[in-house]
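User: I am new to reading models of this kind, and I would like to go through one slowly, starting with how far it can be trusted.

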Amino acid sequence: MESLINKLSRSHRDCPSCPSPKVIHSFFENVLGLLFPDFATESLKEPVQVAEKIEELKHKLSQILILNRHLHKGEGPEIADAFFQKLETVYDLLQKDVQALFEGDPAAKSITEVIRCYPGFYAVAAYRIANLLHRLGVGLIPRMITEFSHSKTGVDIHPAAMIGERFCIDHGTGIVIGETTEIGNHVKIYQGVTLGALSVDKEDADKKRHPTIEDNVVIYAGATILGGETVIGRNSVIGGNVWITKSVPAYSKIYYQAKMYNPVSSETETYIIKNEG
């Protein structure tokens with residue numbers, strides 16, 4: 001027992017300074033509540049109340065960054081000020097994402113339903129807030145935010161991914177979007193889609209390892225698209241359960257080719273659902 005005590009004591013002593021997950025999760029949810037009252041714990045009906053809340057959250061972020069200088073190369077108050085200066089851009093992008101979700105899902109009865117009930121919206125909101133911190137040069141904290149969202153929604157989006165306007169995640173569970181993924185505008189992705197890497201070697205960490213998805217692409221459930229050189233051309237449709245490691249031209253339709261066994265004839269019949277290039 002003494003050996004374990006010494007090991008744990010050393011581990012705690014050597015652990016780098018870092019904000020607790022609860023602190024980061026609370027900050028994120030407060031920012032989300034500021035942007036969307038559907039998630040707020042208090043109503044901010046007057047402009048002065050909104051301004052006070054912004055100042056409160058700016059101070060919190062500033063303190064987090066001051067206490068964790070190893071996570072960034074700038075000055076905490078300056079980064080916090082830049083974050084809230086740029087937050088309007090995030091808000092405007094999320095409004096477009098909400099509209100895309102509402103228009104893209106016949107089951108959605110209202111914008112309010114999308115905001116309050118759709119895990120895809122929550123995951124994209126977490127990504128956009130985390131991505132802003134990432135672009136401001138903050139380390140680890142953006143990942144803590146997206147992993148918090150991952151635990152709640154089943155959607156795993158790396159904060160360094162580049163995602164355009166009107167991004168629509170339908171259902172969402174099991175989606176993985178890797179660090180160097182690039183996604184254009186008006187892209188729709190269904191559950192179980194993986195935008196991943198062909199190589200997991202550590203020496204490739206600084207390379208583009210994940211695919212590029214151009215504008216107006218739809219990717220259906222269970223599709224796996226891998227590789228940093230893989231480009232899905234604009235206006236393409238990627239069917240469910242396909243496995244893609246090579247680029248696809250614009251305006252393509254790629255569907256799974258299934259083979260089924262017929263026990264009556266003892267022969268294997270091939271049913272080509274659709275395969276258009």
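User: Over which residues does pLDDT stay under 50?
Analyst: This is a predicted model, so local features need pLDDT of at least 70 and side-chain atom pairs count only at pLDDT 80 or more, while totals for chains, interfaces and linings use all residues. Residues are numbered from 1 along each chain as its sequence is written, and side-chain values use heavy atoms, with hydrogens and water left out. pLDDT is the predictor's confidence in each residue, from 0 to 100, and where it is low, the predicted coordinates should not be read in detail. The stretch where pLDDT stays under 50, for which the model has 12 contacts (heavy atoms within 4.5 Å) beyond four places in sequence, is residues 270-275.

User: What is the mean pLDDT of the chain?
Analyst: For the chain as a whole, 92% of the residues reach a pLDDT of 70 or more. The mean pLDDT of the chain is 92.

User: How many helices and strands does the secondary structure of the chain come to?
Analyst: Helices (H or I, at least four residues) and strands (E, at least two) are DSSP runs, numbered from the N terminus. The C-alpha atoms of the chain fill a box of roughly 70 × 60 × 35 Å, taken along the principal axes. By that way of assigning secondary structure, the chain comes to 8 helices and 16 strands.

User: How many residues of helix 7 are buried?
Analyst: Helix 7, which covers residues 119-135, has 17 residues and reaches 24 Å from its first C-alpha to its last, close to the 24 Å expected at 1.5 Å a residue, where the expected span is 1.5 Å times one less than the number of residues. After the helix comes G137, whose phi is positive, near 90 degrees. A residue is buried under 20% relative accessible area, exposed over 50% and partly exposed in between, using a 1.4 Å probe and protein chains only. By this rule helix 7 is mostly covered, and of its 17 residues the number buried is 14.

User: Why is the pair of F28 and F148 edge-to-face?
Analyst: The structure holds 9 aromatic pairs, where rings of Phe, Tyr and Trp (its six-membered ring) pair if their centres lie within 6.5 Å, and planes under 30 degrees apart count as stacked, over 60 as edge-to-face and the rest as tilted. F28 in helix 2 (residues 21-35) and F148 in helix 8 (residues 141-153) are 120 residues apart, so that this pair links distant parts of the chain, and both residues are buried. Their ring centres are 6.3 Å apart, and the pair is edge-to-face because the planes are at 80 degrees.

User: Which residues do ring pairs link into a cluster?
Analyst: F28 and F148, the two residues just discussed, belong to the cluster. Taken in full, the residues that ring pairs link are F28, F36, F39, Y91, F121, Y122 and F148.

User: Which are the edge strands of the open sheet with the order 3-6-9-12-14?
Analyst: This open sheet has 5 strands with parallel pairing, and two strands pair if DSSP finds at least two bridges between them. Strand 3 and strand 6 (residues 188-190), for example, pair in the parallel sense over 3 bridges, and I169 has I189 in strand 6 as its bridge partner. An edge strand pairs on one side only, and in this sheet the edge strands are strand 3 (168-170) and strand 14 (253-254).

User: In strand 13, which residue is the bridge partner of I225?
Analyst: Another open sheet is formed by 5 strands in the order 1-4-7-10-13, again with parallel pairing. Strand 1 (156-157) and strand 13 (243-244) each have a single partner strand, so one side of each is left without a neighbour in the sheet. Strand 10 and strand 13 run parallel and are joined by 2 bridges, and the bridge partner of I225 is I244.

User: Is G227 buried or exposed?
Analyst: G227 lies in the loop between strand 10 (224-226) and strand 11 (231-232). Not counting residues up to four places away in sequence, G227 touches several residues, including G196, R209 and P211. Because its relative accessibility is 3%, G227 counts as buried.

User: Which residue's backbone oxygen does the side chain of T181 reach?
Analyst: T181 lies in the loop between strand 4 (176-177) and strand 5 (182-183) and is buried, with a relative accessible area of 1%. Leaving aside its neighbours within four places in sequence, T181 is in contact with residues that include A161, L195 and H210. At 3.0 Å, the side chain of T181 reaches the backbone oxygen of G178.

Key. A polar contact is a pair of N or O atoms within 3.5 Å; within protein, one must be able to donate a hydrogen and the other to accept it, and residues adjacent in sequence count only if both atoms are side-chain atoms.
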